[in-house]
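Biologist: Could you take me through one small part of this model up close, and then show me how that part sits in the whole? I'm new to this, so keep it casual.

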Amino acid sequence: MALFILLLVVAYFDYRQRRIPFLCIAIGLFYWGARIIYQGFFCETLQKEQIVGDVFSLMIIVVICIIMRSIWKECMGVGDVLLLGMMTLVGGRKTIIGSLIFTFMFLFGVSIILLVKGHSKKATVPFAPFLLMGYLTWLLITYY
């Protein structure tokens, strides 16, 4: 639920102002850290394999995003990369992979529509609203 609320706020700011507030990223990372500390003190088992897997997934996603930014300069902003990283830690590996699949499907559809309508190939599209739609689709498919 916390990830959904953070994504909702970030998607609003990204759509309206074309920027991602770093405060939301910091809140998400603080939430992840607090959850890990809580599990360490109050739960019987701290799922170390899950934490290591999520951190490893975070490193892979950040490296892929950095490579994409170096090849295509305008493909993603730094806030988008940080948002993906925060989502990886808070939501986990399966959530980020499923969300990204649906996110890129939505982005592909909207990009085709924009190109058919005659928009420039250089037109920018905010990434966070599509990430929110991909996350919601992933939640609906996996939990309902």
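Modeller: Sure! Keep in mind that this is a predicted model. Let's zoom in on Arg18, which sits in the loop between helix H1 (2-17) and helix H2 (22-42). Its backbone has something to look at: phi of Arg18 is near 55°, a positive value in a residue that isn't glycine. And is Arg18 buried, exposed or partly exposed? Its relative accessibility is 46%, so Arg18 counts as partly exposed; the partly exposed class runs between the buried cut-off of under 20% and the exposed cut-off of over 50%.

Now zoom out. The two helices on either side of that loop belong to a protein with six helices and zero strands. Read from the N terminus, the order is simply α-α-α-α-α-α.

How does the whole thing fill space? Along the principal axes, the C-alpha atoms take up a box of roughly 60 × 35 × 25 Å. The radius of gyration is 16 Å, which agrees with the value near 15 Å that a compact globule of 144 residues would have. Take the contacts between residues at least 6 apart in sequence: 69% of them link residues at least 24 apart.

As for inside and outside, 35% of the 144 residues are buried. The protein exposes about 9500 Å², and carbon and sulfur atoms supply 71% of that area. Last, the charges: there are 12 positive and 6 negative side chains, and the centres of these two sets lie 11 Å apart.

Notes: Residues are numbered from 1 along each chain as its sequence is written. This is a predicted model: local features need pLDDT of at least 70, side-chain atom pairs count only at pLDDT 80 or more; totals for chains, interfaces and linings use all residues. Side-chain values use heavy atoms; hydrogens and water are left out. Helices (H or I, at least four residues) and strands (E, at least two) are DSSP runs, numbered from the N terminus. The radius of gyration is taken over C-alpha atoms; the globule rule is 2.2 Å times the number of residues to the power 0.38. Buried means under 20% relative accessible area, exposed over 50%, partly exposed in between (1.4 Å probe, protein chains only). Contact means heavy atoms within 4.5 Å. Accessible areas come from the Shrake-Rupley method with a 1.4 Å probe; for residues, only the protein chains shown count as cover. Lys and Arg count as positive and Asp and Glu as negative; His and the chain ends are not counted. The place of a charge is taken as NZ of Lys, CZ of Arg, CG of Asp or CD of Glu.
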